[in-house]
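Reader: I am new to this structure and would like a close look at a single part of it. Please take one helix, go through some of its residues with care, and then set that part within the whole chain.

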Amino acid sequence: MNNLTKDPVVVVTGGGQGIGEASARRFVAGGARVAIMDLDCSGVADLADEHLVVAGDCTSAQAMGAFFDQVESQLGPVEVLFNNVGQSAREKATPFLDSEESTWRFVLEVSLLTAMRASRRVAPGMKERGHGRIINMSSNAAFAGDVGLADYASAKMGVVGFSRSLARELAAHGITVNVVCPGAIATRAHDRLSAQVIDHIKATTPAGYVGSPDDVAATVAFLASKEARYITGQTIMVDGGRWML
């Protein structure tokens, strides 16, 4: 575990904005060689000269495969994978009894299967080299079970179960697998919420405020570090105390 390189190759899916962008920039500041894939990469266009920034659909197995081919050929083997990409049904969110299967499938694809697909791609190489970090993105919604988010809560709890199983499988090979689980974070998706909803979130969060992407990025960076070598299979809440394990 201590043989993670000084300037590791780090992949951040969904790294074009929000938590993904904040995490990518933190890795860059730490000297990592960073590869980002997102539908909208305008927020990280300034990184493209020295790092790999690819506009693409993370739910496409073909696009994801081509992206990892490019990462490995241009930067080298992936040592840290942050499976950040994911989203709720957003404007299509409804109570479960009014929901449609096509929406469930989209949410499961973008929030769970992308993490499984990317992990399947990089884990064999990590195992062969005897070190690596996989950090997966879940959500407070998986534990709170908010109404209207049945599909998202299912996908994000699936991330937790997947991560625990993979952590057991890979622990003996010097690879850690952990989950970050944000609560209310000030991102573009959060900006769509009404003032009434935000006030309710603040009132039900012991810390009393909405977090920033940097709050999550700090946890991601720690889990990717040598100092986190003895932490695996864990779910770390970054939610101001809204849900306590």
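Author: A good place to start is Met157, which counts as partly exposed because its relative accessibility is 33%, in a model that is predicted. The residue belongs to helix α5, and this helix is the part that the following paragraphs look at closely. Once the neighbours within four places in sequence are set aside, the contacts of Met157 are Ser138, Ala142 and Phe143. For one of these partners there is also a distance: Ser138 is 19 residues away from Met157 along the chain, while the two C-alpha atoms are separated by 7.0 Å.

Further along the helix comes Ser163, which also lies in α5. Here the relative accessible area is 1%, and since buried means under 20%, Ser163 is counted as buried. When its neighbours within four places in sequence are left out, Ser163 is found in contact with Asn136, Val177 and Val179.

Ser165 likewise has its place in helix α5. With a relative accessibility of 47%, Ser165 counts as partly exposed, whereas Ser163 is buried. Val177, which is one of the contacts of Ser163, can be located from Ser165 as well: the two are 12 residues apart in sequence, and their C-alpha atoms are 9.1 Å apart in space.

From single residues one can turn to the helix as a packing partner. Two packed helices are described by the angle between their axes and by the distance between those axes. Helix α5, made up of residues 150-170, packs with helix α3, made up of residues 101-129, at an angle of about 15 degrees and with the axes 8 Å apart. Because of that angle, α3 is roughly parallel to α5. The crossing of these two helices is right-handed.

The residues that meet across this pair can be named on each side. On the side of α3 they include Trp104, Leu108, Leu112, Met116 and Ala123, and on the side of α5 they include Tyr152, Ala155, Val159, Phe162 and Leu170. Asp151 and Lys156 are also among the residues that α5 brings to the contact. Taken by kind, the residues of the contact of α3 with α5 divide into 13 nonpolar, 4 polar and 2 charged.

Another helix pair can be set beside this one. Helix α1, residues 18-29, and helix α8, residues 213-223, pack at an angle of about 50 degrees, with their axes 8 Å apart. That angle makes α1 oblique to α8. The crossing in which α1 passes α8 is right-handed. Among the residues that meet there are Ile19, Ala22, Arg26 and Phe27 in α1, and Pro213, Asp214, Val216 and Val220 in α8. The residues of this contact of α1 with α8 divide into 9 nonpolar, 2 polar and 2 charged.

It remains to place the helix within the whole. The secondary structure of the chain comes to 8 helices and 7 strands. The radius of gyration is 17 Å, which agrees with the value near 18 Å that a compact globule of 245 residues would have. Along its principal axes, the C-alpha trace spans about 50 × 35 × 30 Å. Of the 245 residues, 49% count as buried, and Ser163 in particular is buried. Among the contacts in the chain with a separation of 6 or more, 70% are accounted for by residues 24 or more positions apart.

Key
Residues are numbered from 1 along each chain as its sequence is written. This is a predicted model: local features need pLDDT of at least 70, side-chain atom pairs count only at pLDDT 80 or more; totals for chains, interfaces and linings use all residues. Side-chain values use heavy atoms; hydrogens and water are left out. Axes are lines fitted to C-alpha atoms, for helices over the stretch in contact, and angles run from 0 to 180 degrees between N-to-C directions. Helices (H or I, at least four residues) and strands (E, at least two) are DSSP runs, numbered from the N terminus. Angles under 35 degrees count as roughly parallel, over 145 as roughly antiparallel, 65 to 115 as roughly perpendicular and the rest as oblique. A crossing is left-handed if the near helix is turned anticlockwise from the far one by less than a right angle, and right-handed if clockwise. Contact means heavy atoms within 4.5 Å. Ala, Val, Leu, Ile, Met, Phe, Trp, Tyr, Cys and Pro count as nonpolar, Asp, Glu, Lys and Arg as charged, and the others, Gly among them, as polar. The radius of gyration is taken over C-alpha atoms; the globule rule is 2.2 Å times the number of residues to the power 0.38. Buried means under 20% relative accessible area, exposed over 50%, partly exposed in between (1.4 Å probe, protein chains only).
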